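Trainee: Could you walk me through this structure and the reasoning behind the terms used for it?
Mentor: Gladly, let's look at it together.
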Amino acid sequence: MIEVIYILWLRQLKRYWRSKARLVGSLGQPLLFMVAFGFGFGPMYARASGGANYMDFLAPGIVSMSILFTAVFSGLEVIWDRQFGFLKETLVAPITRTEIMIGKTLGGATIAMIQGLVVFGLTYLLGFRAESLESLGLGLLFMFLIALFFTGMGLTIASKMKDMHGFQMIMNFLIMPIFFLSGALFPLENLPPAIYFISRIDPLTYGVDGLRGALTGVSAFGVYNDLAVILALSAFICTVGAVLFSKIEA
Amino acid sequence: MQNILSVQSLTKKFDDFTAVNSISFDVEAGSIFAFLGPNGAGKSTTIKMLTTVLKPTNGEIQINGFNVLKEQDEARASFGIVFQDQSLDDELTAYENMVYHAVIYKVPKKERDERIRTALEIVGLWDRRKDFVKTYSGGMKRRLEIARALVHYPKILFLDEPTVGLDPQTRKAIWSHIKTLNEERGMTIFLTTHYMEEAEAIANKIAIIDHGKIIETGTLEEIKEKNETETLEEAFLNLTGRDIRDENGEASNKMRLMGGMYRRRRH
Ligand SMILES: Nc1ncnc2c1ncn2[C@@H]1O[C@H](COP(=O)(O)OP(=O)(O)OP(=O)(O)O)[C@@H](O)[C@H]1O
Ligand SMILES: [Mg+2]
């Protein structure tokens, strides 16, 4: 059981590690966002909030963003496995669908976590600091849970998709809104009711708020509420994914 | 003799098209069973259903005493398969592909290296084991897929056109090894091939499928006798007609021009 999960996990890490282009390329976006938004909106934010530092607000959001994209993408990679035929090899093996789901979720989550850590390192270079060592520990937990949830979500979607044709639609109508309306870039205050509502059912909202609360001590819902929500959501999505995964055909 | 595989009224429909039409057959434990038929006859679709990759529209399958639809995990532990189409990870090395397979098929850890080595040596890839699969030629990839299936010892091994695209030397080596596995371990072999002489040389029992229906079963001798032919190829052509199949498995005259060529279709 453990060994099976390990080999599935290891395969994903090897693939990630070997695609240096993907590794480097996926750092461009967070860096751009941080520089553009950080310096662009920084002064405005400081004025509006009475002197608060926008980088403190933005950095946890950008870390969450890079985890979101990497995690969803890792989950969706199963579709490529299907197209290139490798999925069959795993699916006909005498291993349970739960083992496959766990292995793939942990693999994707680990990759997303590594990506998040690298971006976290970048924010450090740009002057962002965690409050204390404990808050750093709690922050890492949030990062991992965000990674877990969105990998599970990617896998769940992938189990229902036959090919990559729906990829753009998922990015534009699901992942982008999840990112923009999560409070990663701006505070979720004084919003029109519809947007407010969406932001409250957006899973990333609780991840971002929790991570920000853990690292900087400022959160809208309270760190432990965020923790409870994201934990419950992760457990839920992984269960749904495992059920759907048990039904897929190669 | 006991049956390791038993199929009853197995059917697969893709929308309106019936690819496999209520076929029934049994395969004896320890035998070598050749499943023959023209392109598009429904061979791969049948194998995919037998190996849990596709869900049948209708019918029952028993492998090694397990109901393939209800006891999937137990059934999967009983078979191995070489698919017709590619199923390797290009971004891993050959050796890594082998290890991945050995682990998910639960080959005991201490036997793993030895078995991988033996399998790679049979197909002549031991020296290239550290190369990425994406740098392999088509035939080398095929050899690797076969080697991979030889790492664990299933009760029944499905081979969907295993030797397509391989040179005669390799084909010979692979069949002789498969025959050894069959004789020494009592491993049942279920194979499809378009090389009639391969089927003639190795199979104990033959079934011919066309348009999703089994139109003939028996031993080589029985089939030749019934059709009053000298060779299996003659019998095959008499049974399935001499026209070349188009994409829908229908006989097509315009493709007759292409002569005796058949394409390697992978899906
Ligand atoms: N996923 C699918 N959707 C629709 N039709 C399909 C699908 N898979 C197979 N078919 C059709 O089912 C029929 C049987 O295909 P199958 O792959 O089983 O043939 P085969 O006997 O293996 O042929 P070959 O010798 O060319 O490999 C073909 O007409 C094929 O077009
Ligand atoms: Mg086929």
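Mentor: What follows is a short talk about a predicted model.

Trainee: What makes Ser44(B) and Gln84(B) donors of the magnesium ion (ligand 2)?
Mentor: Donors are N, O and S atoms within 2.8 Å of this metal. OG of Ser44(B) and OE1 of Gln84(B) lie 1.9 to 2.0 Å from the ion, so both qualify.

Trainee: Why is the pair said to tie parts of chain B together?
Mentor: Ser44(B) lies in helix 1 (residues 43–50), while Gln84(B) lies in the loop between strand 6 (79–82) and helix 3 (94–104), so the pair links parts that are 40 residues apart in sequence. Ser44(B) and Gln84(B) are both buried.

Trainee: Why are strand 2 (17–28) and strand 5 (66–67) of chain B called edge strands?
Mentor: The open antiparallel sheet has four strands in the order 2-1-4-5. Strand 2 and strand 5 each pair on one side only.

Trainee: How do you know that strand 4 (residues 58–63) pairs with strand 5 in chain B?
Mentor: Pairing needs at least two bridges. Two bridges join strand 4 to strand 5, so they count as a pair. Gln62(B) stands opposite Asn67(B) in strand 5.

Trainee: What makes the contact of Arg15(A) and Asp89(B) a salt bridge?
Mentor: The cut-off is 4 Å from nitrogen to carboxyl oxygen. Their side chains meet at 2.6 Å, N to O, so the term fits. The count between chain A and chain B is eight salt bridges.

Trainee: How much area is buried between the two chains?
Mentor: About 2,500 Å², with carbon and sulfur atoms giving 56%. In chain A, Glu89(A), Val92(A) and Pro94(A) lose the most area to chain B.

Key: Residues numbered from 1 in each chain as written. Chains lettered and ligands numbered in written order. Predicted model: local features only at pLDDT ≥ 70, side-chain atom pairs only at ≥ 80, totals over all residues. Heavy atoms only, no water. Donors = N, O, S within 2.8 Å, 3.2 Å for Na, K, Ca; no water. Buried < 20%, exposed > 50% of the residue type's maximum accessible area, 1.4 Å probe, protein only. Buried area = accessible area lost by both parts, 1.4 Å probe.
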